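Me: I am new to this structure and should like to learn how to read its features. May we begin with the enclosed spaces?

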Amino acid sequence: MYTGLCSENNRVIGGTEAAPNAWPWQVSLQGLASYWYHTCGGTLIHNRWVLTAAHCVDSPTTTYRVVLGDHNIYEDDKTEQYIYVQYAIIHEGWNGDLAIGNDIALVYLAQDAVLNQHVQLGNLPDAGATLPNGYLCYVTGWGYTRNNGYVSSTLQQAAIRVVSYEVCSQPAWWGDYVNNNMVCAGGDGIIAGCQGDSGGPLNCEHNGIYYVHGATSFVAAAGCDTYMKPTVWTRVSAYIDWINNLRNELKVYPVYGKCLI
């Protein structure tokens with residue numbers, strides 16, 4: 001039975017604390033109230049570009065920044081870089097309906113990130129690439145570590161297995177609420193992404209290199225670790241042309257996009 005969708009503003013369930021800067025392309029996307037607060041994850045894919053979920057940046061009144069090289073979001077690790085978001089470009093197919101998808105956005109930073117041992121670029125997969133059922137990946141983020149919990153202070157990670165589209169789209173799983181532009185992983189009732197992990201990467205290794213195959217999109221409203229309701233990511237390989245075309249356009253039209261600050 002369909003249990004509803006819940007956007008991924010959470011933390012990893014069933015995981016462990018990652019080693020500091022073990023995932024150097026992972027960013028914390030933060031919003032400004034009277035203080036900065038973690039809202040989503042993201043992936044640094046270029047010195048000025050962060051890949052995240054559309055639902056993470058679709059508030060026109062919020063000022064955002066990204067924090068790179070972070071581990072404990074409540075402490076000074078001496079490795080962080082804090083950079084304002086200049087604007088975000090949300091996929092034109094995003095209409096707020098998680099089940100339709102296109103939950104993907106590019107964030108343009110106000111200045112270049114400095115690459116070092118703590119901050120590196122994430123690798124994107126080839127266009128159209130898919131992963132077989134059971135493929136081992138890692139979910140990472142500062143999201144909830146249990147349902148109805150709180151944002152994690154330290155970056156969490158968990159090994160999680162891909163559920164192929166052929167399986168995930170079966171009625172007992174997500175059925176028609178997923179499409180082929182999404183990646184499912186988990187569903188064992190133990191390991192899951194959760195609120196606060198939204199927009200963050202699904203990291204999958206191939207030939208010794210990790211590739212970011214997903215941007216975290218949604219979980220079941222009944223609970224992040226609901227059995228047979230895997231965490232769902234936007235499948236990055238389905239949007240490689242969109243990403244590349246936008247980056248090329250913005251070399252010519254640098255103010256194109258949705259302004260945030």
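Reply: Certainly. The model is a predicted one. A useful way to read a cavity is to list the residues around it: the second largest cavity is lined by Asn21, Trp23, Pro24, Gln26, Gly69, Asp70, His118 and Leu155.

Me: How many nonpolar, polar and charged residues are in the lining of the second largest cavity?

Reply: That lining divides into 3 nonpolar, 4 polar and 1 charged residues. The space in this second largest cavity is about 40 Å³.

Me: How many cavities of 30 Å³ or more does the structure hold, and which residues line the largest cavity?

Reply: There are 2 cavities of 30 Å³ or more. The largest cavity encloses about 50 Å³. Its lining consists of Leu98, Ile100, Gly101, Asn102, Asp103, Asn179, Asn181, Met182, Ser217, Thr234 and Tyr239. By class, these lining residues comprise 4 nonpolar, 6 polar and 1 charged.

Me: Let us return to a residue from the other lining. Where is the place of tryptophan 23, and is tryptophan 23 buried or exposed?

Reply: Position along the chain and accessibility are read separately. Tryptophan 23 sits in the loop between strand E2 (16–17) and strand E3 (26–32). Its relative accessibility is 7%, and because buried means under 20%, tryptophan 23 counts as buried.

Me: With which residues is tryptophan 23 in contact, leaving aside its neighbours within four places in sequence?

Reply: Tryptophan 23 is then in contact with Ala18, Tyr138, Thr140, Leu155, Gln157, Asn203 and Tyr210. With one of these residues, glutamine 157, the side chain of tryptophan 23 makes a side-chain polar contact of 2.8 Å. Distance along the chain may also be set beside distance in space: tryptophan 23 and glycine 141 are 118 residues apart in the chain, while their C-alpha atoms are separated by 9.7 Å.

Me: Where does threonine 154 lie, and why does threonine 154 count as buried?

Reply: The same two readings apply. Threonine 154 belongs to the loop between strand E9 (136–141) and strand E10 (156–163). Threonine 154 counts as buried because its relative accessibility is 10%, and the cut-off for buried is under 20%.

Me: Which residues does threonine 154 touch, not counting those up to four places away in sequence, and what joins its side chain to that of glutamine 156?

Reply: Threonine 154 touches Glu17, His71, Asn72, Gly141 and Trp142 on that count. The side chains of threonine 154 and glutamine 156 are joined by a polar contact of 3.2 Å.

Definitions and conventions:
Residues numbered from 1 in each chain as written. Predicted model: local features only at pLDDT ≥ 70, side-chain atom pairs only at ≥ 80, totals over all residues. Heavy atoms only, no water. Helix = DSSP H or I, 4+ residues; strand = E, 2+ residues; numbered from the N terminus. Buried < 20%, exposed > 50% of the residue type's maximum accessible area, 1.4 Å probe, protein only. Polar contact = N/O pair within 3.5 Å; in protein donor to acceptor, adjacent residues only side chain to side chain. Contact = heavy atoms within 4.5 Å. 1 Å grid on protein atoms, 1.4 Å probe; cavity = no way out; pocket = protein on both sides within 12 Å on 5 of 7 lines; lining within 4 Å. Points joined across faces, edges and corners; volume = space filled by probe spheres on them. Nonpolar A, V, L, I, M, F, W, Y, C, P; charged D, E, K, R; others polar.
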